[in-house]
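Welcome! Have a look at the model below, then try the exercises at your own pace.

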Amino acid sequence: MNNWSFGSLAEPSQYQHPIDVSGLDTPTLLAQLQMMLRIRLAERCLADGRRDGLIGGPVHLGVGQEAVAVGIAAELRKTDRVFGAHRSHSHVLSMGSSLHRLFAEILGRDTGLSRGMGGSMHLWDQPNGFYGSVPIVSGTVPLAVGAALAAKLQGSGDVGVAYLGDGAVEEGVVHESLNLARMLKAPAIFVVENNFFASHMHISLRQPKESTARFAAANDIPYEVVDGNDVVKVRLAAARLISLAREGKGPGFLEAVTYRWYGHVDWREDIDVGVNRSSEDVNSWRKRDPIARLVAGLQAVGLIDADQLAAMEEEMAKEVADAWNMAQADAYPPLSALTSRVFADTGVTQ
Ligand SMILES: Cc1ncc(C[n+]2csc(CCOP(=O)(O)OP(=O)(O)O)c2C)c(N)n1
Ligand SMILES: [Mg+2]
C-alpha cells in the first residue's frame, strides 16, 4: 500500500473482471453465491417495504457490499462472536440467521430476532454467533475486543469480529480497542467496510488518507486490504487473519473496499447529496457488482449454467417472499413487553 491510497482499487472502472474461482471448492462457492443473492433480494424487499410505508423505522441497506460479510462468514463458526452496527443485515444473515426472524424484527413483530423491540439496528442472534448490532457508530467495537478476550481466556480458539465502517474509525474508542486488542493479544478481527462515505460525507472530506488500514499499522496489527466486491479475495484474506488469531497470535484487521448502491438510509440513492456521489459513480460501481462478478467467474469455468442460475434466483426470490409474508402476518409484542423487556433476562435472580 503506497502512502495509504487505494490506487486503482478505488476506481469503479477497475476490478470489474470475473472473479477467479480456480482451486476453490464448488459447493462453498455456490453456497456463497446463494447467500449473496439471499441478502441482495432481502434488502431489495426491505427497500420496497420502507418506500411503501410498511416499515416503521429506518433501514440502512448494504446492497453492493454483500461479498464482505459472506467472505468473512465463510471462515467463521457458530461459537465465534460477531458484532455489527447500523448496517448489519448482511452480517447477521451470513451467519445463518433466519430471514423470517430478521424481517419480523424490522416489522416490529414478537417473532423478531430481538422480539420486535429493536428494529433494523438492534439485531441479535447469539445461537448463530451474532452477538448484536447497535446504532451507536463504533459502539460494538470494544465489545468485540472483550468477547475476543473472553474467548482467549476460555481457551476456545474462537474469535471476536467487529464490523465497522470508514466513518467509525473517526471515533476514539476504535483506537483504544485496536491498542488494547494488540496489547492483550485478543483474537479480535476488525473488518472495515470502506464504502467511502459516512452518511453523506465523502472520506476525502473527513480523513487525510483513504485507507483506514494505517490505524492497524500504527498499532502493530497484521492487516490486509482487499477488493471488497470479490468474495474470494475477502475469504482468503479472512482465512489468513482468522487462523493467526485462532492460533493465539492476536488481532487482525481487514479493510474491504466497497460501495453501497443505496444512499445512507432507506431506499433513495442520495445522488448529489453531499459530495462525490453522482449517478456516474453509482452506475460504474454497479458494474463492479460482487454477485454478477461471481456468476461470471463461475460461468467461465463451467460451474454454473444459465438454467441453474435462474433456478437459484427463483428459489431465493420465493424464500424472501415467503419470509416477508410470514413476518407481516405475525403478531406485535404484547403491551406488557414495554416494561418486561427493558433488560435482557439473564436468568439471575437477586
Ligand atoms: C456515535 C455516533 N455518531 C454519529 C451517528 C450518526 N451516524 C449514523 S451512521 C453514520 C455514518 C457511519 O459511517 P460508516 O461508519 O462509514 O458506516 P456506513 O454508514 O458507511 O456503513 C453516522 C455519522 C451515530 N449513529 N453514532
Ligand atoms: Mg462508510
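Here are three short exercises, each with a worked solution.

This is a predicted model, in which local features need pLDDT of at least 70, side-chain atom pairs count only at pLDDT 80 or more, and totals for chains, interfaces and linings use all residues. Residues are numbered from 1 along each chain as its sequence is written, and side-chain values use heavy atoms, with hydrogens and water left out.

**Exercise 1.** Find how far helix α1 reaches from its first C-alpha to its last.

Solution. Start with the extent: α1 covers residues 26-51, which is 26 residues. (Helices are DSSP runs of H or I with at least four residues, numbered from the N terminus.) Next, take the expected span, 1.5 Å times one less than the number of residues, here 38 Å. The model's α1 reaches 37 Å, close to that value. Finally, step just past α1, where Gly 53 takes a positive phi of about 80°.

**Exercise 2.** Work out which residues of α1 meet α2.

Solution. First locate α2 at residues 66-73; its axis and that of α1 come within 10 Å. Then list the contacts (heavy atoms within 4.5 Å): Gln 32, Met 35, Met 36, Ile 39 and Arg 40 of α1 meet Glu 66, Ala 67 and Val 70 of α2. These residues divide into 5 nonpolar, 1 polar and 2 charged.

**Exercise 3.** Place Ser 22 and describe its surroundings.

Solution. Ser 22 sits in the segment before α1. Its C-alpha is 8.9 Å from that of Gly 297, although 275 residues separate the two in sequence.

Key
Chains lettered and ligands numbered in written order. Helix = DSSP H or I, 4+ residues; strand = E, 2+ residues; numbered from the N terminus. Axes fitted to C-alpha atoms, helices over the stretch in contact; angles between N-to-C directions. Nonpolar A, V, L, I, M, F, W, Y, C, P; charged D, E, K, R; others polar.
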